[in-house]
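Dear colleague,

I am passing on the structure we spoke about, with the sequence and coordinates placed just below. After them you will find my notes on what turned up when I went through it.

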Amino acid sequence: MASTMLTGAENLTLIRKIAPSPKGLGFLGSDFHGNHFPKLAPLSSSKISIKVGKIKTLTPKCSVSASRPASQPRFIQNKKEAFWFYRFLSIVYDHVINPGHWTEDMRDDALEPAELNNRRLTVVDVGGGTGFTTLGVVKHVDAKNVTILDQSPHQLAKAKEKEPLKECKIIEGDAENLPFPTDYADRYVSAGSIEYWPDPQRGIREAYRVLRLGGKACLIGPVYPTFWLSRFFADVWMLFPKEEEYIEWFTKAGFKDVQLKRIGPKWYRGVRRHGLIMGCSVTGVKPASGDSPLEHGPKVEDVSEPVNRFVFLGRFLLGALAGTYYVLVTIYMWIKDLIVPRGQPI
Ligand SMILES: C[S@@+](CC[C@H](N)C(=O)[O-])C[C@H]1O[C@@H](n2cnc3c(N)ncnc32)[C@H](O)[C@@H]1O
């Protein structure tokens, strides 16, 4: 499995220096390009552990967590656009996305920090889509205790067809406004969905709210590229957060024992300069029952607002086209892995 190790000392330094932005929570901006991390060790099945328990709490105010500078339009980081994106992608999702970017090995590695150690745990899989990650969850937890939530009925229709998921509850809903009561679940799992949420801090705040005291969130998502061309396409497509941002969002939401484990396909051999669609698994534990200490600001995207069809179509096509770059990168890295002798960097 292609997971790698990084220690948290530099992250802690960076995170402690974060000043609250005038609008409440802001992105850390372009200071972070992944270069702050120690060099990656050769691939091994090791864990990254970034402990942030002692980080000072920052302004407990959540409004727009992702401002979008013109250089980062992130066309598909939008609920309506994501809906249409998956209207089409759902047709081939299991055949195209999983083998290329999100393999069973990676999934099991990413879910390991979730500690799915009891079949009776109540689990919610948010942005569960076609149920690929849920298939990993139900290896450890009884399917009847698992709920798959997604905003795309087309993705959920695929999940409904899967035999091991027959007993799961499958519901349509929004990750930023979960239809579960406070203190409901033992585990919150979300894989590959945060990149579409207009306000990721709000989604992580929801993860905190729906968990029980001592419950654990495990959020798997992309990581930001360092190579300029990959950064360009990532920024046009959707949200590729920096590792520091995940930790900041978890910490602000109130989570303790926040840890980040790097994951990636085997054939990347530890290379992360192109970013990864599934690049890390971030976990945190809910230390007190009740709602998150973080205040909500207004919602970023009002899905009921009408949109200009031409603008929508233009954004959608540009975003989707930028996404195809990552199909090509995967093929390129896979071929490179075949050609370049073992032990040499690729
Ligand atoms: C890359 S797929 C991941 C699916 C699944 N978790 C997996 O591991 O294969 C992302 C999913 O997130 C869903 N999604 C995007 N934005 C969402 C939102 N705001 N609320 C709920 N689901 C959302 C999409 O519909 C899509 O099914």
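Let me begin with a pair of helices: α7 and α9 are oblique to each other, and because an angle counts as roughly antiparallel when it is over 145 degrees, the angle of about 140° at which these two helices pack does not reach that class. Please keep in mind throughout that this is a predicted model.

Helix α7 covers residues 228–237 and helix α9 covers residues 309–339, and where they pack their axes are 8 Å apart. The crossing of α7 and α9 is left-handed. On the α7 side the contact is made by Ser-230, Phe-233, Val-236 and Trp-237, while α9 contributes Leu-318, Gly-319, Ala-322, Gly-323, Tyr-325 and Val-329. Sorted by class, this contact of α7 with α9 holds seven nonpolar and three polar residues, and no charged residues.

The surroundings of the ligand may be of more direct use at the bench. There are 22 residues around the ligand, and those that come nearest are Gly-127, Gly-129, Ser-152, Gly-192 and Ser-193. Two elements give two or more residues to this shell, namely α2 (79–101) and α4 (132–137), and of the elements α2 gives the most, with three residues. By class, the shell around the ligand is made up of eight nonpolar, 10 polar and four charged residues.

I also looked at a single position, Val-123, which lies in strand β2, a strand that runs over residues 123–126. Is Val-123 buried or exposed? Val-123 is buried, because 25 other C-beta atoms lie within 10 Å, and the cut-off for calling a residue buried is 20 or more. Leaving aside residues up to four places away in sequence, Val-123 touches Val-137, Val-141, Asn-145, Val-146, Ala-185, Asp-186, Arg-187 and Val-189. For one of these partners I can also give a distance, since the C-alpha atoms of Val-123 and Val-141 are separated by 8.0 Å, with the two residues 18 apart along the chain.

Finally, some figures for the chain as a whole. The chain contains nine helices and nine strands, and 49% of its 346 residues count as buried. Among the contacts in the chain with a separation of 6 or more, 79% are accounted for by residues 24 or more positions apart.

With best wishes

Technical notes. Residues are numbered from 1 along each chain as its sequence is written. This is a predicted model: local features need pLDDT of at least 70, side-chain atom pairs count only at pLDDT 80 or more; totals for chains, interfaces and linings use all residues. Helices (H or I, at least four residues) and strands (E, at least two) are DSSP runs, numbered from the N terminus. A residue is buried if 20 or more other C-beta atoms lie within 10 Å of its own, exposed if 12 or fewer, and partly exposed in between; C-beta atoms are placed from the backbone. Two residues are in contact if their C-beta atoms, placed from the backbone, lie within 7 Å. Axes are lines fitted to C-alpha atoms, for helices over the stretch in contact, and angles run from 0 to 180 degrees between N-to-C directions. Angles under 35 degrees count as roughly parallel, over 145 as roughly antiparallel, 65 to 115 as roughly perpendicular and the rest as oblique. A crossing is left-handed if the near helix is turned anticlockwise from the far one by less than a right angle, and right-handed if clockwise. Ala, Val, Leu, Ile, Met, Phe, Trp, Tyr, Cys and Pro count as nonpolar, Asp, Glu, Lys and Arg as charged, and the others, Gly among them, as polar. A residue is near a molecule or strand if its C-beta atom, placed from the backbone, lies within 6 Å of it.
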